[in-house]
Amino acid sequence: MPDTETAAMSKLKTTILTGFLGAGKTTLLNKILSSESTERVAVIVNEYGEVGIDGQLVVQTNDQIVELNNGCICCTVRDDLIAAIRALLQSGRQIDRFIIETSGLADPAPVIQSFILDDVLSARLELDAIVTVVDARHIEGQLAQEEAVEQISFADVLLLNKIDLVDEDHLLQVERDLRRRNPLARIIPTKDCGVAFEDVVGLGAFDLKNVLAIDPQILEEQEHEHDQTIGCVAFREQEPLDPVALNDWLTRLVQDIGADLFRMKGVLSFAGEARRYVLHGIHMTLEGRPGKVWQPSEVRSSDIVFIGRNLDEEMLRAGFERCIVQPQALAS
Ligand SMILES: Nc1nc2c(ncn2[C@@H]2O[C@H](COP(=O)(O)OP(=O)(O)OP(=O)(O)O)[C@@H](O)[C@H]2O)c(=O)[nH]1
């Protein structure tokens, strides 16, 4: 067998999970990691915010998980992505496959480019498929962002997720639009990213020819800039929060600035509660549920992240601080 063929066979397959903010990427990642597959997966989770929340929301398995926070792997932390993959390859750990969850604001093109142009990545890894999760309820508005358009264009598989939140007419309309934007991808309608492992992993679907047809310049270094009006505000607080005050504040907040508030997520410590509280917001949609129990050895704290357009950090900080239970209130 020619050497090149042997080398190609031994390359580690890599899936890129992408999709706009809140579409369901972490939900899909957890489905994949909880499947019965015995493969040892190395996962890289990229978040735009400086406070990493996803790392706390990914299921605990034996798989190796690396978090890259505070920037997008398509630009500011792109070198970190390459360094993280190289470090995992050199770690001596058994790895059968890589999965990379991009931030919701990532343009997949520069990420794809790294796999083709970087010496180590191109020699050791092979792109398996670009899997894009689409939020059936919010995608229409999200398409104003170029990154959301690119995430759909480059997909080999489109998970049309959150079908429970839209009616049939709306779903058909979104599906038609996806088909128009990407005639080749397989479209799978889902609720809670309910797909089989084999539907999204081990597809061998990535094809550089298709990618070049979409973006003939993809292999050239291009300056990549995000919309500068979009930003992130994050808070970490060790004092417990008051759930009633927080709920009142966030309910008012999404009414006031929901159109510009693309994403809000938090893992929170409420006064007197044994469990964490996990909060998700996407524009006007707010939902929360109890999370993992706090262990006695753990330092309780709340992490909350807001991503949106023209966010007013001081206003958000003042609102958040009003939800903190003051130590004297706890003592009395
Ligand atoms: N109703 C409904 N909610 C869903 C569905 N899939 C995921 N969600 C919820 O949507 C929210 C966001 O899901 P995530 O998996 O965190 O989304 P994400 O794409 O990883 O978000 P970012 O990484 O912040 O961009 C969570 O509250 C999920 O439970 C679905 O099919 N229907």
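What follows is a chat about a predicted model of a protein chain with a ligand.

Visitor: Before we start, how are residues numbered, and which pLDDT limits apply?
Guide: Numbers run from 1 along each chain as its sequence is written. The model is predicted, so local features need pLDDT of at least 70 and side-chain atom pairs count only at pLDDT 80 or more, while totals for chains, interfaces and linings use all residues.

Visitor: OK. How many helices and strands does the protein chain have?
Guide: There are 14 helices and twelve strands. Both are DSSP runs numbered from the N terminus: helices are H or I with at least four residues, strands are E with at least two.

Visitor: And what's the radius of gyration of the protein chain?
Guide: It is 20 Å, which agrees with the value near 20 Å for a compact globule of 332 residues. That radius is taken over C-alpha atoms, and the globule rule is 2.2 Å times the number of residues to the power 0.38.

Visitor: How much of the protein chain is buried?
Guide: 39% of the 332 residues. Buried means that 20 or more other C-beta atoms, placed from the backbone, lie within 10 Å of the residue's own.

Visitor: Switching topic: which domains does the domain assignment give?
Guide: Domain 1 (3-214) and domain 2 (230-331); such bounds come from an automatic or database assignment. Their C-alpha centres lie 27 Å apart.

Visitor: How many residues are in contact between domain 1 and domain 2?
Guide: Twelve from domain 1 and 16 from domain 2, where contact means C-beta atoms, placed from the backbone, within 7 Å. The domain 1 side has six nonpolar, five polar and one charged residues. Ala, Val, Leu, Ile, Met, Phe, Trp, Tyr, Cys and Pro count as nonpolar, Asp, Glu, Lys and Arg as charged, and the others, Gly among them, as polar.

Visitor: What does UniProt list for residues 230-324?
Guide: An unreviewed entry there has "domain: CobW C-terminal"; such annotations may be inferred rather than shown by experiment. In the model, that span is 25% helix and 43% strand.

Visitor: Now the ligand. Which residues come nearest?
Guide: Lys25, Thr26, Thr27, Gly104 and His280, out of 22 around the ligand. A residue is near if its C-beta atom, placed from the backbone, lies within 6 Å.

Visitor: Which element gives the most to that shell?
Guide: Helix 2, with three residues. Helix 2 covers 25-33, and strand 9 (261-268) also supplies at least two.

Visitor: And what classes of residue are in the shell?
Guide: Nine charged, eight polar and five nonpolar. Domain 1 and domain 2 each provide at least three residues of the shell.

Methods: Buried ≥ 20, exposed ≤ 12 C-beta atoms within 10 Å, placed from the backbone. Contact = placed C-beta atoms within 7 Å.
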